Amino acid sequence: MKPASAASKSHRVRTASEPAWNLRLYIAGHTHKSVTAFENLKRICEQHLQGEYHIEIIDLIKQPQLAKGDQILAVPTLVRRLPQPIKKIIGDLSNTERVLVGLDLRPQGEG
Amino acid sequence: MRGSRTSPSRKTFVATAVDKCPTGIVGFDQISQGGLPRGRPALVCGGAGCGKTLFAMEFVVRGATRFKEPGAYVSFEENAAELTANARSLGFDLAGLMRRRMLAMDFVHIERSEIEETGSYDLDGLFVRLQYAMRSVNAKRVVLDTLEALFSGLSDTAVLRAELRRLFRWLKEQGVTALITAEKGEGSLTRYGIEEYVSDCVILLDHRLREQLSTRRLRVVKYRGSGHGTNEYPFIIDQQGISVLPITSVGLDHAATAARVSSGIRRLDDMLGGRGFFRGSSIMVSGTAGTGKTTLGCTFVNAACARGERCLYFAFEESPSQIVRNMRSVGVHLQRWVDRGVLKFHAARPTLYGLETHLSVMHRQIEEYRPAVVVVDPVTTVLTQGALNDVRSMLLRLMDFMKSRQITAYLISLSRNSEPIEHSDADISSLIDTWILVRDLESGGERNRGLYVLKSRGMAHSNQIREFVLGPRGIELLDVYLGPGGMLTGSARVMQESRDRAQAGASERQFARVQAQIAGKRTRLEAQVASLQHKIRIQDQLIDQLVLERRADELAGQVARRELAISRGVEVVPGKVRNRGDAS
């Protein structure tokens with residue numbers, strides 16, 4: 001997990017001026033779950049949103065005050081800040097289908 | 001400070017001694033013998049609107065203001081603005097506490113519809129936020145207000161339960177005294193069974209309705225390693241927060257004083273051994289409607305205020321201004337005492353709330369005002385609010401409480417016309433030290449008032465009925481008429497008295513007449529006696545005359561006989577003649 005080492009720092013996976021997808025991943029330290037979540041997220045984004053996304057990782061151990069803003073309770077939590085409306089997906093994102101539904105990348109109920 | 005550090009390591013010794021963290025909630029610390037278990041989580045549960053949030057809020061606020069223990073308040077239901085507004089209505093300045101870094105608040109909002117769950121997760125986010133809030137103020141007290149909201153926000157209950165267990169363990173490690181609120185479930189203490197994680201102290205709040213009147217009750221369901229009151233205690237929520245009616249004062253160990261207080265009516269004092277009531281005793285005045293019970297009470301209050309004693313008057317039937325006005329008409333001026341702050345009225349409709357609430361309110365008022373005399377007018381309307389047994393035990397608590405404070409309790413009891421006065425109040429009579437009865441005495445087409453002392457513990461008291469008259473100068477007690485015609489009061493008494501006077505006058509004249517008659521008779525008799533004595537004297541004179549005449553005759557006879565003998569030559573016995581001659 002290379003980018004997570006610079007926790008809470010923005011990771012511009014692709015330098016687009018204003019990516020349509022603004023995602024935030026909240027974690028609490030480098031646990032197995034957070035590593036898995038980041039890897040899953042990255043894979044899904046590369047597959048479905050290539051060039052259109054921006055992931056920010058926030059480590060709550062280091063920046064606990066940020067948990068309030070997005071009402072973070074469980075970790076890992078993925079917050080889709082853009083496009084609106086805000087969506088939250090909690091867990092290690094291991095179920096790709098659920099993540100795609102959660103991100104509105106796939107209409108609910110379809111394959 | 002010390003407690004919060006040491007308690008986690010003391011966990012194994014809890015059975016012997018539990019360090020307590022006072023809540024500052026009136027009455028609760030007495031029931032729980034010191035407060036919540038320090039350094040451990042406690043649970044407060046109950047239905048909607050039972051006061052859980054307020055209980056938790058007061059715990060944190062009092063901790064900050066009174067015990068210098070900062071607190072962290074994590075709410076799952078209301079945000080900081082809402083909580084601040086709610087708390088302000090109870091006089092808690094949350095914003096000020098936050099500014100002074102005595103309080104940290106966090107609002108945890110979970111909206112299930114916004115959340116998708118996929119894969120494994122934990123609640124480290126919550127832990128982080130909790131820890132952040134706690135550290136920001138160095139919290140000693142933590143509240144998690146309706147932690148169970150997590151269950152409705154997250155679907156993986158297995159994870160939740162594991163995380164909750166971890167949370168409580170973590171809270172203990174932090175050494176904070178935590179209070180967790182939870183909604184009451186069907187047939188269980190909490191809806192999601194949180195009580196199984198919080199095993200040290202569980203408090204149940206209850207808000208129930210009976211006959212449209214609500215009563216709040218509190219019960220300590222369990223308290224590991226500590227004694228606690230096991231009853232249900234009524235509590236109230238008012239402008240000062242929660243007040244639990246404690247019963248630690250219940251007992252018969254209050255000191256009895258021999259000091260006396262005047263009833264305000266000299267003749268009533270006379271009836272009570274000449275010196276009035278005992279200070280700190282309980283006095284009940286019973287009577288049917290319109291017998292002057294309130295006036296008696298107000299006269300007592302008036303006298304107490306004049307002595308400079310503070311009086312608290314619970315009016316359940318009349319408004320204070322009405323009482324003041326009515327009393328003015330009988331020459332008892334109460335307004336001046338109100339103005340001087342020695343008399344306080346507390347008026348409430350009996351149906352405003354249930355019995356327990358009434359008594360809690362009274363309790364709180366007494367605590368605050370610290371009076372020497374408390375009048376409850378009338379106590380009977382409050383009594384009808386509950387079942388007889390409840391009433392009795394509640395009243396007992398109140399009386400004991402007042403006795404322990406040396407407060408003279410003056411209870412006014414309205415009796416129903418249909419039943420004998422002595423019976424209607426019998427269920428509480430054993431709590432009463434001095435019992436005065438005011439009753440109607442109907443006769444001669446009018447109604448009058450009679451007053452007597454039914455009982456008065458510890459003093460010689462009169463057994464006589466006094467007529468009780470209300471005039472512009474207050475209460476007067478008069479002797480009733482006791483005569484051949486029985487006991488009379490009112491106009492009958494007045495008439496009988498004038499009749500008596502008339503009768504007495506008549507007999508006086510009769511006496512004079514008879515006296516004169518007898519004197520006349522005596523005079524006549526004396527005259528008779530005089531005339532008889534005159535007659536006797538006349539008779540005596542007659543007898544004397546007769547004797548003289550007879551003697552003269554005898555002499556004359558002898559002379560004649562001697563002359564005859566001489567003339568006949570017969571020897572005359574010389575002695576005889578000589579004697580006769582000597583005698584004459």
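This tour moves through a predicted model, naming at each stop what to select and what is found there.

**Chain B as a whole**

Begin by selecting all of chain B, whose secondary structure comes to 19 helices and 25 strands. Of its 584 residues, 42% count as buried, and if you look at the contacts in chain B with a separation of 6 or more, 72% of them are between residues 24 or more positions apart.

**The largest nonpolar core**

Next, select B:Leu43 and B:Val301, which touch the most other members of the largest nonpolar core, a set of 169 residues. Helix α3 of chain B, residues 52-66, gives this core its largest share, namely 8 residues. At least three residues of the core come from each of domain 1 (2-244) and domain 2 (260-479) of chain B. As a general background to this stop, nonpolar side chains in soluble globular proteins tend to be buried together.

Stay with B:Leu43 and ask which residues it touches, not counting those up to four places away in sequence. They are B:Ile180, B:Ala182, B:Ile194, B:Glu195, B:Val198, B:Cys201, B:Val202 and B:Ile203.

**A covered strand and its two partners**

Now select residues 311-315 of chain B, which form strand β16, a mostly covered strand in which 5 of 5 residues are buried. The cover is found on both faces, with B:Cys311, B:Tyr313 and B:Ala315 buried on one side and B:Leu312 and B:Phe314 buried on the other.

Add strand β17, residues 343-347 of chain B, to the selection, and you have a strand that runs parallel to β16(B) and is joined to it by 5 bridges. Within this pairing, B:Ala315 stands opposite B:Ala347 of β17(B). Then add strand β18, residues 373-377 of chain B, which is likewise parallel to β16(B) and joined to it by 5 bridges; here B:Cys311 has B:Val373 as its bridge partner.

**Two helices of chain B**

Select residues 293-306 of chain B, which make up helix α10, where 13 of the 14 residues are buried. From its first C-alpha to its last, α10(B) reaches 20 Å, close to the 20 Å expected at 1.5 Å a residue. After α10(B) comes B:Gly308, which has a positive phi near 85°.

Move on to helix α13, residues 355-369 of chain B, whose 15 residues should span 21 Å at 1.5 Å a residue, and the 21 Å between its end C-alpha atoms agrees with this. Among the buried residues of α13(B) are B:Leu355, B:His358, B:Met362 and B:Ile366. Just after this helix, B:Arg370 takes a positive phi of about 50°.

**Two loop residues with positive phi**

Select B:Arg101, in the loop between α5 (94-99) and β5 (103-107) of chain B. Its phi is near 55°, a positive value in a residue other than glycine. Is B:Arg101 buried or exposed? B:Arg101 counts as exposed because it has 12 C-beta neighbours inside 10 Å, and the cut-off for an exposed residue is 12 or fewer.

Compare this with B:Asn138, which lies in the loop between α6 (124-137) and β7 (141-145) of chain B. B:Asn138 has a positive phi of about 60°, although it is not a glycine, and with 13 C-beta neighbours inside 10 Å it counts as partly exposed.

**Where chain A meets chain B**

Bring chain A into view and select the residues in contact across the two chains, which are 30 in chain A and 22 in chain B. On the side of chain A that touches chain B, β5 (87-90) and α2 (96-102) of chain A each supply at least two residues. By kind, the residues of this side divide into 17 nonpolar, 7 polar and 6 charged.

Look at β5(A) together with strand β6 of chain B, residues 115-117, since these strands pair in the parallel sense over 3 bridges. A:Ile90 stands opposite B:Glu117 in β6(B).

**Cis peptide bonds in a loop of chain A**

Finally, select A:Pro83, which is placed in the loop between β4 (77-82) and β5 of chain A. The peptide bond from A:Leu82 to A:Pro83 is cis, with omega near -5°. A:Pro85 is also placed in the loop between β4 and β5 of chain A, and a cis peptide bond with omega of about -5° joins A:Gln84 to A:Pro85.

Key:
Residues numbered from 1 in each chain as written. Chains lettered and ligands numbered in written order. Predicted model: local features only at pLDDT ≥ 70, side-chain atom pairs only at ≥ 80, totals over all residues. Buried ≥ 20, exposed ≤ 12 C-beta atoms within 10 Å, placed from the backbone. Helix = DSSP H or I, 4+ residues; strand = E, 2+ residues; numbered from the N terminus. Pairing = 2+ DSSP bridges. Contact = placed C-beta atoms within 7 Å. Nonpolar A, V, L, I, M, F, W, Y, C, P; charged D, E, K, R; others polar. Core = buried A, V, L, I, M, F, W, Y, C linked by C-beta atoms within 7 Å. Domains from an automatic or database assignment. Expected span 1.5 Å × (residues − 1).
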